[in-house]
Amino acid sequence: MCLRKRSGYRPPDLLNAKIYTGPVPAEGGAEPAMGADPGETPALSGGHGGATATQDARRPGACCFCWCCCCSCSWNEEERRRWSLRRRRRRRRRTSQDTKMELIPNCEACAKPSAEEVRVWSQSFDTLMRNPAGRNVFREFLRTEYSEENMLFWLACEELKQEVSRSAIEEKARSIYEDYVSILSPKEVSLDARVREVINRRMQEPTPRAFEDAQMQIYTLMHRDSYPRFLSSAVYGSLVTGGSRSSSES
């Protein structure tokens, strides 16, 4: 008889249930007495023979602390994986919605890239990043991968290097920290503990190069992680194809 039918009984949380490795009562066996501790195993009769009979009656795969034996390790682990996947999907949708709601700075003003300019972007990441049109196209690609904040952070650090006024430097540095370094920001970039410690020290008296180490780390991340995918993406492929078509027509 399953205790789930008793009034006032709440089945345990299957995901957070403690693992029970003891014997499971045989079908038709005695139930725990009313008022007894549910965690206690009923007394076995018949000496060693009774223990053997109980072990033989153990349901295969039943391992969670549930008296009705309705779950197993494989089922529990599968539910955990599904729950984790759903949580990641919700987080990704929420990040996408937050990004759309925020005011994203406009792309850099630049002329339309020529077919030759587009072609040389594949030669090196440095060539791409030195070209304003190349940075715009690469930034559009990063937006599709939910990592546009890397380019925005790099551009903000470049702007900080151009500041000369003390008050402007402090204001810009504080804005960069709050937008891209703070763990509370939805646009936080990925920095290791050593770089964060350096930034925290430099923020006491910020300079135009207060984020130089962090900027280099993000630049390297974009180079090694995002740039190879950009070259094989539809965003870059359409530009190469369009440029080649224009050249042949002219």
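Contact means heavy atoms within 4.5 Å. The legends below describe a predicted model.

**View 1. Surroundings of Phe138.** Leaving out residues up to four places away in sequence, Phe138 touches Phe125, Leu128, Met129 and Met151. Its other partners under that count are Met222, Ser226, Tyr227 and Phe230.

**View 2. The largest nonpolar core.** This core has 37 residues. Phe138, Phe153 and Phe211 are the members with the most contacts inside it. Two or more residues come from each of helix H3 (115-120), helix H4 (125-130), H5, H6, H7, H8 and helix H9 (212-231). The most are given by H6, with eight residues.

**View 3. Tyr146 in the loop between helices H5 and H6.** The loop that holds Tyr146 runs between helix H5 (132-144) and helix H6 (148-161). Phi of Tyr146 is near 60°, a positive value in a residue other than glycine. Tyr146 counts as partly exposed because its relative accessible area is 37%, between the limits of 20% and 50%.

**View 4. Ser190 in the loop between helices H7 and H8.** Helix H7 (166-181) and helix H8 (193-202) flank the loop in which Ser190 lies. With a relative accessible area of 53%, Ser190 is over the 50% cut-off and is therefore exposed. Once neighbours within four places in sequence are set aside, Ser190 is in contact with Gln217 and Ile218. A separation of 9.9 Å is found between the C-alpha atoms of Ser190 and Glu149, which are 41 residues apart along the chain.

Note on methods
Residues are numbered from 1 along each chain as its sequence is written. This is a predicted model: local features need pLDDT of at least 70, side-chain atom pairs count only at pLDDT 80 or more; totals for chains, interfaces and linings use all residues. Side-chain values use heavy atoms; hydrogens and water are left out. Helices (H or I, at least four residues) and strands (E, at least two) are DSSP runs, numbered from the N terminus. Buried means under 20% relative accessible area, exposed over 50%, partly exposed in between (1.4 Å probe, protein chains only). A nonpolar core is a set of buried Ala, Val, Leu, Ile, Met, Phe, Trp, Tyr and Cys residues joined through side-chain atoms within 4.5 Å.
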